[in-house]
Amino acid sequence: MTSRRPDSFDGLGYRGREDPTYAGGYSGRSFSNAPSAADLQHWVTTPPDIPGSRNLHFDEHTPQFETGPAPPGSDEPQPAPPSEQLNRFAGFGIGLASLFTENVLAHPCIVFRRQCQVNYHARNYHLSPFSAVTVMYNFTKTQGPKALWKGMGSTFVVQGVTLGTEGIISECTPLPRELSHKWNLKQVVGHLVLKGLTYVVAMPFYSASLIETVQSEIIRDNPGILDCVKEGVGRVMGLGVPHSKRLLPLWALVLPTALHGVLHYIVSSAVQKLVLSLLRRRRAPSSPLRAPDAGPGQADAVQSMLDAYFPELMASFCASLCADVLLYPLETVLHRLHIQGTRTIIDNTDLGFEVLPINTQYEGLRECAGAIRREEGALGFYKGFGAVLVQYALHATVLQITKVIYSTLLQNA
C-alpha cells in the first residue's frame, strides 16, 4: 500500500529529507545498539504555539525554559533547576489569585453596587468608597455575612452559560471566536456579532442572577445553584416567575443588553492591548531583583517570571477598570430595566437597616435614562460608584501582595 502522506508532511520533524535510507522505505534496526541523542535530535520537536491562546499575543511565542549547563564531556542536557519549577507554580498561583479576587473577594462590592444602581429612592449616592464601606458593614452587622455574598453561585452559572453559548455558536456558524493575526473588517464584524448573540442568549439568566444579588436577605429564601437556570428558562417561557404588568418583555431588553456587552468587550480589549504594548515597550533591561545570597542566574529567573506574568495581569486589570468606569451609566440603566416588574425588595442603601420595594415604570432605554437625569441628576447614573473603587483597590492590593510573595519565594529558592 502506497503512503498517502503529502510531500510537505511536517510531522515529527520529517521534511522530505534526501536520505536514501528513508526514501526507499524503513530499514530494520537493531535494538542492541541504543541510538545516541544526536540520532534522535531530528525526531524531537517543540509543540507549536497555538494561535488564539489567551496567554499569547501578537509576535509572542511560548517561553521555553532553558536547561542548566551540561558538565564537560556530556552531550545530554541536565534537568531544569528547582527555580524553574517554582516559576511555573508561580505563574499558576498568580493567575489563580487574580481569578479569586475578581470572582470571590469582589462579590460583596458587586452586590452593593447593583443595589445602589437599582435604588431610585436613595438619597446617598455612595460616590465615595468610605460611605460604601460603612453601609456594607451595616448590612453585615444586621443580616450576617451572607448579605453581601448572595447570588455568587448564579454569577458563575451566567459565566458558564456565556462561555458555552459562545463555543456552540462559533462551532455551528462561520462567526470567528478568535481573531487571527491578519484580521480584516469582515472578521471583526463577525466576531462582534458572535459576542452580541452570546449576550442575548445569556440575557434571561443574567436577569435572574441580578435579582438574586440585589434581593434583600431578610425576605430571601435559600435558593439553589440551579435556581438561576430555572428562573431564566421561566423568564423565557413566561412561567413560574413572579412578575407584574410593569415587567418588560425580553425583546425590549435585547438592545441595551447587547449594546452594553459589546461595548464593554470592545473597550476592555482595546485598553488591554494598549496597556500591554506600553508596558512591554517601556520595559528596559534593568537590574533584576536580587536577594543578598542570590546568584545572577537566579535573579534573572525572578525578573523573567515577573516580566512574563505581571504585564498581562496589569493590562487585564486596567482594561476591566476602564470599561467599568466608562460604561457605568449604561450599566445603571440596564440593571433598572432588568429589575423592573420583578417584585424585588432590596435593602435600604442609605442606612442599611430597612428594605425597599422597586416600583418603576420605564418604557425603555431612552425613557429610563431621561428619568434618571431629570429626577436624580447626572450623578444618579453613578450611584454606588464608591463600591467600584473599593473593588479595584482590593484587586490591586491582592496583585501587589502576590507579586511580593512570589518574588520573595523565588529569591530564596
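**Notebook: two loops and one helix**

I located Arg 343 in the loop that runs between helix H12 (328–339) and strand S1 (345–347). I note at the outset that this is a predicted model.

I then looked up the backbone of Arg 343 and found a positive phi of about 55 degrees, although this residue is not a glycine. I checked its exposure as well: the relative accessibility of Arg 343 is 57%, and the residue counts as exposed because the cut-off is over 50%.

I turned next to His 126, another non-glycine residue with a positive phi, here of about 55 degrees. I placed His 126 in the loop between helix H4 (107–118) and helix H5 (129–143). Is His 126 buried or exposed? I recorded 0% relative accessibility for His 126, so it counts as buried, the limit being under 20%.

I moved on to the surface and noted a nonpolar patch formed by Leu 185, Val 189, Val 193 and Leu 197. Together these residues have about 350 Å² of accessible area. I assigned Leu 185 to helix H7, which spans residues 185–201. For Leu 185 I noted a relative accessible area of 65%, and the residue is therefore exposed.

I finally examined how H7 is placed against helix H10 (residues 250–282). The two axes come within 9 Å and cross at roughly 130 degrees. H7 is therefore oblique to H10, because the angle lies between the 115 degrees that ends the roughly perpendicular range and the 145 degrees over which helices count as roughly antiparallel. I entered the crossing of H7 past H10 as right-handed.

Note on methods. Residues are numbered from 1 along each chain as its sequence is written. This is a predicted model: local features need pLDDT of at least 70, side-chain atom pairs count only at pLDDT 80 or more; totals for chains, interfaces and linings use all residues. Side-chain values use heavy atoms; hydrogens and water are left out. Patches are made of residues with over 30% relative accessible area and no salt bridge: like charges are joined within 9 Å, nonpolar side chains (Val, Leu, Ile, Met, Phe, Trp, Tyr) within 5 Å. Accessible areas come from the Shrake-Rupley method with a 1.4 Å probe; for residues, only the protein chains shown count as cover. A salt bridge is a side-chain nitrogen of Lys or Arg within 4 Å of a carboxyl oxygen of Asp or Glu. Helices (H or I, at least four residues) and strands (E, at least two) are DSSP runs, numbered from the N terminus. Buried means under 20% relative accessible area, exposed over 50%, partly exposed in between (1.4 Å probe, protein chains only). Axes are lines fitted to C-alpha atoms, for helices over the stretch in contact, and angles run from 0 to 180 degrees between N-to-C directions. Angles under 35 degrees count as roughly parallel, over 145 as roughly antiparallel, 65 to 115 as roughly perpendicular and the rest as oblique. A crossing is left-handed if the near helix is turned anticlockwise from the far one by less than a right angle, and right-handed if clockwise.
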